[in-house]
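Thanks for coming. I will go through one structure, beginning with its cores and then moving on to its sheets and one helix between them.

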Amino acid sequence: MTNSIYAEIKKRIEIAEVGTVFVTSDFTDIATTTTVRKCLGRQVEEKNIRRILDGVYEKPTYSKLLKEYIPANPERVAYAIARSFHWTIAPCGDVALNKLGLSTQVPVVWSYISDGPYRKFSWDNITLSFKHRANREISFMSETTTLVVEALKTLGKERIDERIILSLKNRLPEAEKKKMLEEATGVSEWIYAVIRKVCAE
């Protein structure tokens, strides 16, 4: 490992905002994977970053109030893993409900649908779960449309009431609603019926 490669990787980490999650492939434009891993290992020793999982690192956030480093953001870790494996992912289950303000419960398992294989990752009492879905279910819908569809699936037909519909109606911008009407035509009939109510003027 040359000093210039190490310096370049270190500089990229230094200018990144606190809380950024890196994967090895984020630096392979600078050096080979083997060299990058060595450089990142040295960065861990110098406490500039911390290792979350194999090949996944974070520039940690220090809380002056708690006087300790706070846990890595599971969503940032999920999207970093997806970037590393070239997966398209979207939140599902409790994560989808949480992001749409339909639940205040902190997810026990952070679940995402993915066009990659079924995989689970765990660190610091946090579990990430990637559930395989056909590529067509993810790739042809925007993140908002996928999020709403997954949230409705999680709730189930019987739990959808006017409060849920009104909450989504007020939360989503008009442009997103218009896009959702166009993109969600292939989903279950009852889900599309709810989406039409959410998007109604």
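This is a predicted model. I start with the largest nonpolar core, which has 25 residues. The members that touch the most other members are Leu100, Leu102, Val148, Leu152, Leu168 and Ile195. Four helices each supply at least two residues of this core: α4 (93–99), α6, α7 (162–171) and α9 (189–199). A second core lies apart from that one and has 21 residues, among them Ala72, Ala78, Ala82 and Leu128. As background, nonpolar side chains in soluble globular proteins tend to be buried together.

Take one member of the first core, Leu102. Leaving aside residues up to four places away in sequence, leucine 102 touches Leu97, Ala151, Leu155, Ile164, Ser167 and Leu168.

Next, a residue in helix α6, which covers residues 143–155: threonine 146. Why does threonine 146 count as buried? Its relative accessibility is 2%, and the cut-off for buried is under 20%, so threonine 146 falls into that class. Its contacts, again without residues up to four places away in sequence, are Ala90, Ile113, Ile138 and Met141.

Now the sheets. One is an open sheet of 3 strands in the order β1-β3-β2, and the pairing is antiparallel. Its edge strands, each paired on one side only, are β1 (21–23) and β2 (50–53). On average, neighbouring strands here are turned by 35° against each other, ignoring direction. Strand β3, residues 56–58, pairs with β1 in the antiparallel sense over 3 bridges. Within β3, valine 56 stands opposite valine 23.

The other is an open sheet of 4 strands, ordered β6-β7-β9-β8, with mixed pairing. Here the edges are β6 (89–91) and β8 (119–123), and each of them pairs on one side only. The average turn between neighbouring strands of this sheet is 25°, direction ignored. β8 pairs with strand β9, residues 126–132, in the antiparallel sense over 5 bridges. Two facing positions are worth pointing out on the screen. Tryptophan 123 has isoleucine 126 in β9 as its bridge partner, and lysine 120 stands opposite serine 129 in β9. β8 and β9 form a hairpin with 2 residues between them. Aspartate 124, in that turn, has a positive phi of about 45°.

That leaves helix α3, residues 74–85. Which strands does α3 touch in the sheet with mixed pairing? α3 packs on that sheet and touches β6, β7 (109–114), β8 and β9, with its direction at about 45° to that of β9. α3 also lies across β1, β2 and β3, running at about 20° to β1.

The helix has 12 residues. From its first C-alpha to its last, α3 reaches 17 Å, close to the 16 Å expected at 1.5 Å a residue. The buried residues of α3 are Pro74, Val77, Ala78, Ala80, Ile81 and Ala82. Of these, Ala78 and Ala82 are also among the members of the 21-residue core. In an α-helix, residues three or four places apart point the same way, because there are 3.6 residues a turn.

Finally, the ends of α3. At the N-terminal end, asparagine 73 is the cap, with a side-chain oxygen 2.8 Å from the backbone nitrogen of glutamate 75. After α3 comes histidine 86, which has a positive phi near 60°.

Definitions and conventions: Residues numbered from 1 in each chain as written. Predicted model: local features only at pLDDT ≥ 70, side-chain atom pairs only at ≥ 80, totals over all residues. Heavy atoms only, no water. Pairing = 2+ DSSP bridges. Axes fitted to C-alpha atoms, helices over the stretch in contact; angles between N-to-C directions. Contact = heavy atoms within 4.5 Å. Expected span 1.5 Å × (residues − 1). Buried < 20%, exposed > 50% of the residue type's maximum accessible area, 1.4 Å probe, protein only. Polar contact = N/O pair within 3.5 Å; in protein donor to acceptor, adjacent residues only side chain to side chain. Core = buried A, V, L, I, M, F, W, Y, C linked by side-chain atoms within 4.5 Å.
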